[in-house]
Every structure is written in C-alpha cells, then in structure tokens.
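Got your viewer open and your mouse ready? Let's take a walk through this chain, one selection at a time.

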Amino acid sequence: MLREDFEKILKEHGLKRTKQRILVLEALASCEDKHLTAEEIYEIVKAEFPEIGLATVYRTIQLLSELNLVESVQLGDGYVRYEIGTIDGKEAHHHHHLICLECGKVISFWDDLLDELEERIKESVSFQVVNHEVKLYGYCEACLNKGSGAT
C-alpha cells in the first residue's frame, strides 16, 4: 500500500497522520509475510526515523491494534508478532499459518477452507463465528528436501 492509503485510513479513524504511525504501517506492509516483532518493526522504522523510540513503536502498535489496523499473532516461538489487520473493510490477515518444525519458517496460507464449517456451525448451533486462527505445524519444502522432516 502507498503512504497516501495509510494517511487516508488514519484520517478516517480520526487519528493524526504522524510519521511514526505511517512508518509502522509501511514496515508491516513491506514485510507482509514475515510477521514482525515490535523490535523488528522498531529497527525498520528507526532506519528512516532515527529519533523514534521503542516505547513509541509499542504505543503505536497498541493504538493501531485497537483500531484493528494491526493484528497480533502468536506463532509458538515466545514472541508476539504483528501483521496488517483490517484495511478498507477487508481483513488482510484472513489466512492461516504453516509453521516448519525444523527451521521455524512461517508460510501464510490464503485459502480459507473453514467458511463452510463456519456456516454449518451457524446453522446447527446458532453461533456466529466472526474470526478464527489456524496454525498448522509440519515441514517446509526445503527441510523436506534436506531429509530432516518426517514423511
């Protein structure tokens, strides 16, 4: 996304379009498949805005999370990671995570096969699922080719 898109989104949410907020969103958008920690976001933003502090990055992430512009993800490695959340009414994070048990690589899987299950749940028990999180553990192609993964 472009800086102008982020500025528009912040304005629509009644927020000032500060350089810090724009840079945090840009950092997440530029590393979409990496699921960054706050410290990694800080290092990216600091390269363009050296005077920023880590506490400012944490506060910015918290604010953007409250607006669902940023989503937190726990991938079982002890870190809270972040990715772009709902942008222009579309959930950018509506995907699943494939986690390699050998090298730790995280792959986003975009096909949502649970839509039918969610509809069946709604019909059978009158429960509306509004979100879900799926993490699948296994071995990536590289680790399988090295022979380190189970077959």
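Where does Asn68 lie, and between which helix and which strand? Select Asn68 and you'll land in the loop that links helix 4 to strand 2. Keep in mind as you click around that this is a predicted model. Asn68 is partly exposed, with a relative accessibility of 40%. Check the backbone here too: Asn68 isn't a glycine, yet its phi is positive, about 65 degrees.

**Zoom out to the whole chain**

Now show everything as a cartoon. You're looking at 151 residues, and 35% of them count as buried. The chain holds six helices and eight strands. Trace it from the N terminus and the elements come in this order: α-α-β-α-α-β-β-β-β-β-β-α-β-α. Switch on the surface, and you have about 9400 Å² of accessible area, with carbon and sulfur atoms making up 51% of it. Take the contacts between residues with a separation of 6 or more: 45% of these link residues 24 or more positions apart.

**Stop one: a sheet in the order 1-3-2**

Select residues 36-37, 70-74 and 80-84. The first range is strand 1, and the other two are strand 2 and strand 3. Together these three strands make an open sheet in the order 1-3-2, with antiparallel pairing. Strand 1 and strand 2 are at the edges with a single partner strand each, so each has one side with no neighbour in the sheet.

A quick reminder for the backbone view: strands of a sheet pair through backbone hydrogen bonds, in a parallel or an antiparallel way.

Zoom in on strand 2 and strand 3, which are joined by five bridges. Click Val70 and look across to its bridge partner in strand 3, Ile84. Then try Ser72, whose bridge partner in strand 3 is Tyr82. These two strands form a hairpin, with five residues between them. In the turn, pick out Gly76, which has a positive phi of about 80 degrees.

Before you leave, select His35, in the loop between helix 2 and strand 1. Is His35 buried or exposed? It's buried, with a relative accessible area of 1%. His35 also has a positive phi, about 55 degrees, without being a glycine.

**Stop two: the nonpolar core**

Next, show side chains for Leu28, Ile41, Val45 and Ile61. The largest nonpolar core has 25 residues, and these four touch the most other members. To see where the core comes from, colour helix 1 (3-12), helix 2 (19-30), helix 3 (38-48), helix 4 (54-66) and strand 3: each of them supplies at least two of its residues. Helix 2 gives the largest share, six residues.

Centre on Val45 for a closer look. Setting aside residues up to four places away in sequence, Val45 touches Leu23, Val24, Ala27 and Ile52.

**Stop three: a second sheet**

Move along to residues 96-100, which are strand 6, and add 106-109 and 135-138, strand 7 and strand 8. This is another open sheet of three strands, in the order 7-6-8, and its pairing is mixed. Strand 7 and strand 8 are the edge strands, each pairing on one side only. Tilt the view and look for the twist, which averages 25 degrees from one strand to the next.

Strand 6 and strand 7 run antiparallel and are joined by four bridges. For a landmark, click Leu98, with Ile107 opposite it in strand 7.

**Stop four: two cysteines**

Select Cys100 and Cys143. Why isn't there a bond between the two sulfurs? They are 3.6 Å apart, which is too far for a bond, because a disulfide needs sulfur atoms within 2.5 Å. In fact, searching the whole structure turns up zero disulfides. Both residues are buried, Cys100 at 5% relative accessibility and Cys143 at 1%.

**Last stop: Asn131**

Finish with Asn131, in the loop between helix 5 (115-125) and strand 8. Asn131 is partly exposed, with a relative accessible area of 39%. Now use the distance tool from the C-alpha of Asn131 to the C-alpha of Glu118: the two are 13 residues apart along the chain, and 9.4 Å separates these atoms.

Key. Residues numbered from 1 in each chain as written. Predicted model: local features only at pLDDT ≥ 70, side-chain atom pairs only at ≥ 80, totals over all residues. Heavy atoms only, no water. Pairing = 2+ DSSP bridges. Axes fitted to C-alpha atoms, helices over the stretch in contact; angles between N-to-C directions. Buried < 20%, exposed > 50% of the residue type's maximum accessible area, 1.4 Å probe, protein only. Core = buried A, V, L, I, M, F, W, Y, C linked by side-chain atoms within 4.5 Å. Contact = heavy atoms within 4.5 Å. Areas by Shrake-Rupley, 256 points an atom, 1.4 Å probe, with all protein chains shown as cover.
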